[in-house]
Amino acid sequence: MRRNDSFGITRKRFLAAGLSAAAILPARTLAQPASLQRAPARLVPVKLDAGRVIRIVVGLRPYRRTGFVLRADHLGDKLLVHNYGHGGGGFSLSWGCAAMAADLVADRSPQRAAVLGCGVIGLTTARTLQDRGWTVTIYAAHTPPDTTSNIAGAQWTPTTVFASDAASTEFLETFRRASQTANRAFQLMVGPAYGVRWIDTYALKHVASDRDEIDYALSAGIEDLYADVETIAPSSTPFATPLVRRFTTMQIAPNTFLPAVERDFFVRGGRIVVRTFTDAAAIASLDEAVVFNCTGLGSRTLFGDTELEPVRGQLSILEPQSDVDYAYVAEGLYMFPRDDGIVLGGTFQHGNASLAPDLATQRRILAEHAALYRTRT
Ligand SMILES: Cc1cc2nc3c(=O)[nH]c(=O)nc-3n(C[C@H](O)[C@H](O)[C@H](O)COP(=O)(O)OP(=O)(O)OC[C@H]3O[C@@H](n4cnc5c(N)ncnc54)[C@H](O)[C@@H]3O)c2cc1C
């Protein structure tokens, strides 16, 4: 299944929504003059034999058509700040949403706070609060490596976050601010310590009307967060699609990043309590007067958010291939090379909460990825 309507509004609608033209004009020119174009890169095709699959993983993106929830509320006498529902862009948005969640309690003097959830949203929220002087305890049913966040791709591309026909103008402004703050934060974490690196990514399309990551970014006003955007002659690549565009973004290795942030949290005196909450009343009985809800999909049951739905993603992980040093995204398919394996996506199955790997889907994913290459090794 292809990723559908889940990111963008049109540029026209963005302008009609009253946001300034300056806000959406690209900071970089999207088409580079020929003299500035880079020499073609050596793009070694991924070896896509079924025998190279080392594991299949499934994760459920916590998706809401109108976008993530970031607001302050009350639960009994507690201040409750929601920060959940980031769909397929939770990594990309994490530090930005964490900063904005912390801003919602900026008028209080820092004290003790509870953060519910230990995925990327809970961890980044907890770390941000510590930096602002709060003493934080994380309460979570599961901790890394057993969270949805550990399954993520995780490329810096905040897509499948909202439906273009459902998101409000106010949400889109929040989305843009969160994207900008998070992108800057990840830039400052590039390196092996946090498992963040820059990577050339090829956006492959069969027809011009299909939307690639840059089209989505343009429609949401965050295209300036992608570097070095350039249209490439398909003949200079191994790809079979007639339209190829390259951009540079960051890739995050969840199994490096999440433990690193967890360590930082402990170093600053943070505490993690493994605990499952069955309802909001159990949360109301916590000692902390300020609570941040970062439970992802768990918010559906805990807070009765029926708009929140799982979007199932199944990934096939191939044996690492050190000569593959680029990524691609192609109309819902994607390939991210990591030290722990070549990540092949994707599926975007709305409303499907099955965590069981599906072998027919795996065969389809491998075949569709193979069809993207004109030449093979
Ligand atoms: C296949 C796939 C690929 C993805 N690729 C990307 C990508 O390339 N880039 C990107 O930015 N994002 C990507 N994502 C999205 C990203 O993974 C999610 O948006 C993000 O992980 C959500 O983080 P979270 O912390 O809200 O949720 P989780 O990681 O699910 O964490 C939720 C936490 O809340 C706890 N919790 C829940 N309910 C309860 C309860 N009742 N009691 C106690 N604790 C509870 C859980 O135990 C857990 O600790 C991808 C997701 C998937 C599935």
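The exercises below work through the ligand shell, helix packing, sheet and backbone geometry of a predicted model.

**Exercise 1. The ligand shell**

Task: State how many residues surround the ligand, which elements give two or more of them, and how they divide by class.

Solution.
- Step 1. The shell around the ligand holds 41 residues. The closest are G59, G90, G119, G298 and G313.
- Step 2. Two or more residues each come from β1 (53-63), α3 (90-103), α4 (120-131) and β11 (309-318).
- Step 3. By class, the shell has 22 polar residues, 18 nonpolar and 1 charged.

**Exercise 2. Packing of α3 with α4**

Task: Describe how α3 and α4 are set against each other, and list the residues in the contact.

Solution.
- Step 1. Two packed helices are described by the angle between their axes and the distance between the axes.
- Step 2. For α3 and α4 the angle is about 40° and the axes are 8 Å apart.
- Step 3. Angles under 35 degrees count as roughly parallel and 65 to 115 as roughly perpendicular. α3 and α4 are therefore oblique to each other.
- Step 4. The crossing of these two helices is right-handed.
- Step 5. On the α3 side, the contact uses G90, F91, S94, W95, C97, A98, A99, A101 and A102. On the α4 side, it uses V120, I121, T124, T125, T128 and L129.
- Step 6. The contact of α3 with α4 contains 10 nonpolar residues, 5 polar and no charged.

**Exercise 3. Packing of α4 with α7**

Task: Carry out the same analysis for α4 and α7 (residues 254-267).

Solution.
- Step 1. The axes come within 10 Å, crossing at roughly 30°.
- Step 2. Angles under 35 degrees count as roughly parallel, so α4 is roughly parallel to α7.
- Step 3. The crossing of α4 and α7 is left-handed.
- Step 4. α4 contributes V120, L123, T124, A126, R127 and Q130 to the contact, and α7 contributes L258, V261, E262, D264 and F265.
- Step 5. The contact of α4 with α7 comprises 6 nonpolar, 2 polar and 3 charged residues.

**Exercise 4. The six-stranded sheet**

Task: Give the strand order of the open sheet, explain why β2 and β9 are edge strands, and place α4 relative to the sheet.

Solution.
- Step 1. The 6 strands run in the order β2-β3-β10-β4-β5-β9, and the pairing is mixed.
- Step 2. β2 and β9 (271-274) each have a single partner strand, so one side of each is left without a neighbour in the sheet.
- Step 3. From one strand to the next, the twist averages 20°.
- Step 4. β2 (residues 69-75) and β3 (residues 78-84) form an antiparallel pair over 7 bridges. L75 has K78 of β3 as its bridge partner.
- Step 5. The hairpin of β2 and β3 has 2 residues between the strands, and G76 there has a positive phi near 60°.
- Step 6. β4 (residues 112-116) and β10 (residues 290-293) form a parallel pair over 4 bridges. A114 is opposite V291 of β10.
- Step 7. α4 lies across β3, β4, β5 (135-140) and β10, and runs at about 170° to β5.

**Exercise 5. Backbone exceptions**

Task: Locate the cis peptide bonds at A154 and G346, and the positive phi at D228.

Solution.
- Step 1. The bond from G153 to A154 is cis, with omega near -10°. A154 sits in the loop between β5 and α5 (169-187).
- Step 2. The bond from G345 to G346 is cis, with omega near 10°. G346 is in the loop between β14 (341-345) and β15 (349-350).
- Step 3. D228 is not a glycine, yet its phi is positive, at about 55°. D228 belongs to strand β7 (residues 227-232).

Key. Residues are numbered from 1 along each chain as its sequence is written. This is a predicted model: local features need pLDDT of at least 70, side-chain atom pairs count only at pLDDT 80 or more; totals for chains, interfaces and linings use all residues. A residue is near a molecule or strand if its C-beta atom, placed from the backbone, lies within 6 Å of it. Ala, Val, Leu, Ile, Met, Phe, Trp, Tyr, Cys and Pro count as nonpolar, Asp, Glu, Lys and Arg as charged, and the others, Gly among them, as polar. Axes are lines fitted to C-alpha atoms, for helices over the stretch in contact, and angles run from 0 to 180 degrees between N-to-C directions. Angles under 35 degrees count as roughly parallel, over 145 as roughly antiparallel, 65 to 115 as roughly perpendicular and the rest as oblique. A crossing is left-handed if the near helix is turned anticlockwise from the far one by less than a right angle, and right-handed if clockwise. Two residues are in contact if their C-beta atoms, placed from the backbone, lie within 7 Å. Two strands pair if DSSP finds at least two bridges between them.
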